[in-house]
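Q: Please choose one part of this structure and take me through it closely, residue by residue. I am new to it, so explain each term when it first comes up.

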Amino acid sequence: MGPIWPSYYGNCRSLLFMIDASNPTQLSAACAQLLGLLSAEPLAEAQVLILFNKTDLPCYMTVEEMKSLIRLPDITACAKQNITVADISARTGTGLTEVLRWLQDTHGAG
Ligand SMILES: Nc1nc2c(ncn2[C@@H]2O[C@H](COP(=O)(O)OP(=O)(O)OP(=O)(O)O)[C@@H](O)[C@H]2O)c(=O)[nH]1
Ligand SMILES: [Mg+2]
């Protein structure tokens with residue numbers, strides 16, 4: 001999918017980037033995609049929400065270890081964008097309140 005993403009950059013005000021926290025083998029590829037998005041000029045002003053999904057599933061690596069492995073604190077500190085990070089489970093609803101609050105704060109009327 002990555003190669004066609006730039007065709008959607010125009011008029012993009014917010015970016016939700018979902019990482020599968022149950023599958024660390026995809027982590028380096030996800031990180032490379034994320035860095036590409038964050039450095040894309042048309043997305044410089046975008047509001048960014050990074051979601052670690054599937055946190056209900058057991059995994060040999062914790063979400064904190066994954067964040068550390070991709071140096072997420074450095075990524076969020078160095079990015080031009082305003083970045084929020086949330087740990088969620090689309091299955092159980094964990095983190096849903098935080099995501100809805102982000103949507104409201106970012107795009108909500110009034
Ligand atoms: N347990 C769990 N399952 C989830 C969650 N969110 C989505 N799924 C399930 O995950 C499946 C889709 O994700 P993936 O299989 O990773 O699909 P994909 O990312 O398109 O494909 P891959 O590139 O193979 O990872 C569906 O069966 C969803 O029901 C979650 O938070 N927890
Ligand atoms: Mg997947």
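A: A good starting point is the side chain of Lys 54, which makes a polar contact with the side chain of Asp 20 at 3.1 Å. A polar contact here is a pair of N or O atoms within 3.5 Å; within protein, one atom must be able to donate a hydrogen and the other to accept it, and residues adjacent in sequence count only if both atoms are side-chain atoms. This is a predicted model, in which local features need pLDDT of at least 70 and side-chain atom pairs count only at pLDDT 80 or more, while totals for chains, interfaces and linings use all residues. Residues are numbered from 1 along each chain as its sequence is written, chains are lettered from A and ligands numbered from 1 in the order in which they are written, and side-chain values use heavy atoms, with hydrogens and water left out.

Lys 54 belongs to the loop between strand 2 (47-53) and helix 2 (63-69), where helices (H or I, at least four residues) and strands (E, at least two) are DSSP runs numbered from the N terminus. With a relative accessible area of 34%, Lys 54 is partly exposed; on this scale buried means under 20%, exposed over 50%, and partly exposed in between, using a 1.4 Å probe and protein chains only. Leaving aside residues up to four places away in sequence, Lys 54 touches Asp 20, Ser 22, Ile 88 and Ser 89, a contact being heavy atoms within 4.5 Å.

The record also draws attention to this stretch: an unreviewed UniProt entry places the feature "binding site" at Asn 53, Lys 54, Thr 55 and Asp 56. UniProt positions are given in the numbering used here, feature names are shortened, and such annotations may be inferred rather than shown by experiment.

Asn 53 lies in strand 2 and, unlike a partly exposed residue, is buried, because its relative accessible area is 8%. Its contacts, again without residues up to four places away in sequence, are Met 18, Ile 19, Asp 20, Ala 21, Ser 22, Ile 88, Ser 89 and Ala 90. Asp 56 sits in the loop between strand 2 and helix 2 and is partly exposed at a relative accessible area of 35%. By the rule that omits residues up to four places away in sequence, Asp 56 touches Ser 89, Arg 91 and Thr 92.

The ligand can now be placed among these residues. Around ligand 1 are Asp 20, Gln 26, Asn 53, Lys 54, Asp 56, Leu 57, Ser 89, Ala 90 and Arg 91, each counted as near because one of its heavy atoms lies within 4 Å. A nitrogen atom of ligand 1 is 3.0 Å from an N or O atom in the side chain of Asn 53, and a nitrogen atom of ligand 1 also lies 2.7 Å from a polar side-chain atom of Asp 56. In the side chain of Arg 91, an N or O atom is 3.3 Å from an oxygen atom of ligand 1.

Ser 89, which is among the residues surrounding ligand 1, is found in the loop between strand 3 and helix 4. Ser 89 counts as buried, because its relative accessibility is 2%. Beyond four places in sequence, Ser 89 touches Asn 53, Lys 54, Thr 55, Asp 56 and Thr 94, and a polar atom of its side chain lies 3.0 Å from the backbone nitrogen of Thr 92.

Thr 92 is placed in the loop between strand 3 (82-87) and helix 4 (96-107), and its relative accessible area of 52% makes it exposed. The side chain of Thr 92 makes a polar contact with the side chain of Thr 94 at 2.9 Å. Thr 92 and Gln 104 are twelve residues apart in sequence, while their C-alpha atoms are 21 Å apart in space.
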